[in-house]
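Notebook open, coffee at hand. Today I am looking up a few spots in chain B and jotting down what turns up.

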Number of protein chains: 2
Amino acid sequence: MALRHYTLDFSLSTAVDSASTVPGLLSIFHEQEMTETVHDTDGHGYLATFLLNALEKKLKVLLNGNITRIKRLPALIRGAKVDRYWPTADGRLMEYDIDRVVYEEDSAYQNIKILHSKQFGNILVLNGDVNLAESDSPYTQAIIGSGKENYAGKEVLILGGGDGGILAEVVKQKPKMITMSYIDQKVIDGCRAHMRLTCGSILDSLEGDCYQILVEDCVPVLKKYVQEGRTFDYVINDLTAVPISTEPEEDSTWEFLRLILDLSIKVLHPSGKYFTQGNSVNLKEALSLYEEQLGKLSCPVGFSKEVVCVPSYLELWVFYTVWKK
Amino acid sequence: MALRHYTLDFSLSTAVDSASTVPGLLSIFHEQEMTETVHDTDGHGYLATFLLNALEKKLKVLLNGNITRIKRLPALIRGAKVDRYWPTADGRLMEYDIDRVVYEEDSAYQNIKILHSKQFGNILVLNGDVNLAESDSPYTQAIIGSGKENYAGKEVLILGGGDGGILAEVVKQKPKMITMSYIDQKVIDGCRAHMRLTCGSILDSLEGDCYQILVEDCVPVLKKYVQEGRTFDYVINDLTAVPISTEPEEDSTWEFLRLILDLSIKVLHPSGKYFTQGNSVNLKEALSLYEEQLGKLSCPVGFSKEVVCVPSYLELWVFYTVWKK
């Protein structure tokens with residue numbers, strides 16, 4: 001049973017004695033046979049609305065023209081079966097139009113949810129972070145180079161990308177071979193079943209004419225390619241912001257991030273491109289730290305960035321292109 | 001002085017007696033020399049965080065493994081100088097990254113605010129509705145036909161559009177003449193000064209080589225054009241969703257909307273196009289009602305619609321193209 005928590009936010013032109021105001025307001029609750037100011041509407045939305053109208057009216061009488069601003073915020077819904085609040089990366093409160101949980105699993109690596117949004121379609125949420133919605137082709141377009149690349153006949157490596165969006169898009173351009181390394185079979189299973197506007201039928205099989213999916217941690221995969229001296233025309237890093245790895249050696253996020261970057265640049269063809277998502281455009285410090293890491297790689301690199309509006313993110317997002325100097 | 005209102009939302013596997021739990025929690029507040037559960041952090045964010053951590057810890061002890069889910073929502077900021085909460089058209093709570101009020105005026109027609117968002121630039125808010133941000137070129141592109149039109153040498157009528165975005169964009173294509181009718185000089189003044197990423201220098205003058213701005217209610221303007229038998233190749237309706245007019249005859253929103261539509265179609269060249277913004281993609285009933293109005297016009301029309309992601313709206317938006325059958 002969900003509880004609707006309404007907030008009436010108002011400002012006063014002069015300070016008032018709350019001892020004289022609050023009892024006057026409490027009578028409204030008492031008239032409704034409510035003994036507390038916190039109440040369960042139990043589905044009777046009209047009661048809550050009546051109460052707010054009565055409260056607002058009485059406040060105006062009691063405070064006698066003292067209110068300079070009054071605003072009723074949409075109710076916070078608490079204890080609901082379906083959680084609608086998924087804050088932005090920069091920590092702001094956002095209410096999604098989520099009406100049902102489509103898939104929920106705890107894998108060995110993370111909590112996986114696929115939630116249905118009325119406007120965005122199904123949304124993949126990993127460990128509480130909105131990863132990608134079916135509406136988010138701008139994300140996929142940005143991380144494959146915003147339509148300025150030609151993948152025909154190319155060797156491509158995708159790190160992460162378990163929703164299948166990048167794979168489905170790049171395959172259309174007839175590359176020579178795409179290798180995708182993704183750690184979590186349960187994410188692939190959920191997306192194959194419920195994110196079909198994103199992945200189409202590409203996840204129905206772990207290999208096809210010009211692609212193969214390795215259900216493995218990408219770190220050993222990258223290390224093997226470095227040893228073999230293999231290179232790729234494109235490396236697309238679509239790993240989650242908070243790293244998940246079976247490798248015990250990397251204990252900090254930034255160390256892990258630099259490890260991935262370093263290995264990726266090592267397997268990048270001298271004229272190749274490395275694409276990755278960065279962060280919320282508002283997280284300037286994290287973005288600077290990331291750019292600092294780019295200066296610490298074993299091979300010198302150049303980079304450019306682009307700010308993109310990904311529909312379900314509700315905040316602008318930075319994408320990077322990195323190349324060998 | 002703003003107050004941070006934190007919400008700790010949790011679910012229990014079995015019901016508990018709140019009489020035995022609440023006093024246990026209150027001791028945390030008492031230890032902090034707080035006598036109430038509502039407290040003003042007065043800038044001491046660490047105190048509030050400490051308190052939440054303590055609360056969460058104590059809850060877990062008191063409820064002894066009974067908690068099935070616990071989630072800390074970002075704080076609701078109340079009584080702040082700058083209001084960060086601008087709900088979506090479909091009534092969801094959204095926290096914007098607004099850090100200052102750039103412009104605020106009450107005109108004869110409406111309350112006008114221009115608010116600065118860290119990521120979207122300045123945002124025009126009319127009577128509490130987010131109208132347009134400097135980041136929102138996708139709005140302007142959608143309402144002028146998504147790049148599929150050629151305005152060169154054409155006669156164009158813009159209804160509304162006080163932010164100057166449409167005018168600035170269409171002027172680039174060298175139309176024969178653009179006439180824009182906008183009611184509120186104070187909106188034009190605010191946008192000319194503070195929305196320059198949207199309007200450029202176009203609002204610096206009310207007329208130019210191929211445009212004129214009539215600072216007037218568009219209803220009498222349209223009626224005059226109908227009487228004169230004047231037609232336009234493009235009519236772009238960028239009026240606010242809730243109508244503002246000096247005409248006393250129209251008392252309902254839908255009647256006003258149909259009046260504008262009817263007059264607009266009357267001044268539309270037989271091969272012309274009428275563009276307008278619709279509503280949130282989630283407001284299916286309002287969209288249906290609008291489409292119903294299209295069937296009630298004095299001249300039969302056809303229409304198509306497009307769903308567009310306008311960055312600052314935080315919800316997908318429907319745009320219409322209407323033509324004479």
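Entry 1. I began with I158(B), which stands opposite I236(B) in β11(B). A reminder to myself: this is a predicted model.

Entry 2. Next I looked at how the two strands run. β7(B) pairs with strand β11 (residues 232-238) of chain B in the parallel sense, and I find five bridges there.

Entry 3. Which strand pairs with β7(B) in the parallel sense over five bridges, besides the one I had just noted? It is strand β8 (residues 177-181) of chain B. Within β8(B), I looked up the bridge partner of L157(B) and found T179(B). Following the chain from β7(B), I pass through helix α4 (residues 165-171) of chain B before reaching β8(B), and this β-α-β crossover is right-handed.

Entry 4. Is strand β7 (residues 155-160) of chain B enclosed or open? Six of its six residues are buried, so the strand is largely enclosed by the rest of the structure.

Entry 5. I then moved on to K305(B), which sits in strand β13 (residues 301-309) of chain B. K305(B) has a relative accessible area of 49%, and because exposed means over 50%, I log this lysine as partly exposed.

Entry 6. What does K305(B) touch, leaving out residues up to four places away in sequence? My list reads E291(B), V318(B), F319(B) and Y320(B). With E291(B), the side chain of K305(B) makes a polar contact of 2.7 Å.

Entry 7. One last distance for the page: the C-alpha atoms of K305(B) and Q277(B) are 9.4 Å apart, with the two residues 28 apart along the chain.

Conventions:
Residues are numbered from 1 along each chain as its sequence is written. Chains are lettered from A and ligands numbered from 1 in the order in which they are written. This is a predicted model: local features need pLDDT of at least 70, side-chain atom pairs count only at pLDDT 80 or more; totals for chains, interfaces and linings use all residues. Side-chain values use heavy atoms; hydrogens and water are left out. Helices (H or I, at least four residues) and strands (E, at least two) are DSSP runs, numbered from the N terminus. Buried means under 20% relative accessible area, exposed over 50%, partly exposed in between (1.4 Å probe, protein chains only). Contact means heavy atoms within 4.5 Å. A polar contact is a pair of N or O atoms within 3.5 Å; within protein, one must be able to donate a hydrogen and the other to accept it, and residues adjacent in sequence count only if both atoms are side-chain atoms. Two strands pair if DSSP finds at least two bridges between them. A crossover is right-handed if, with the strands pointing away from the viewer, the path from the first strand over the helix to the second runs clockwise.
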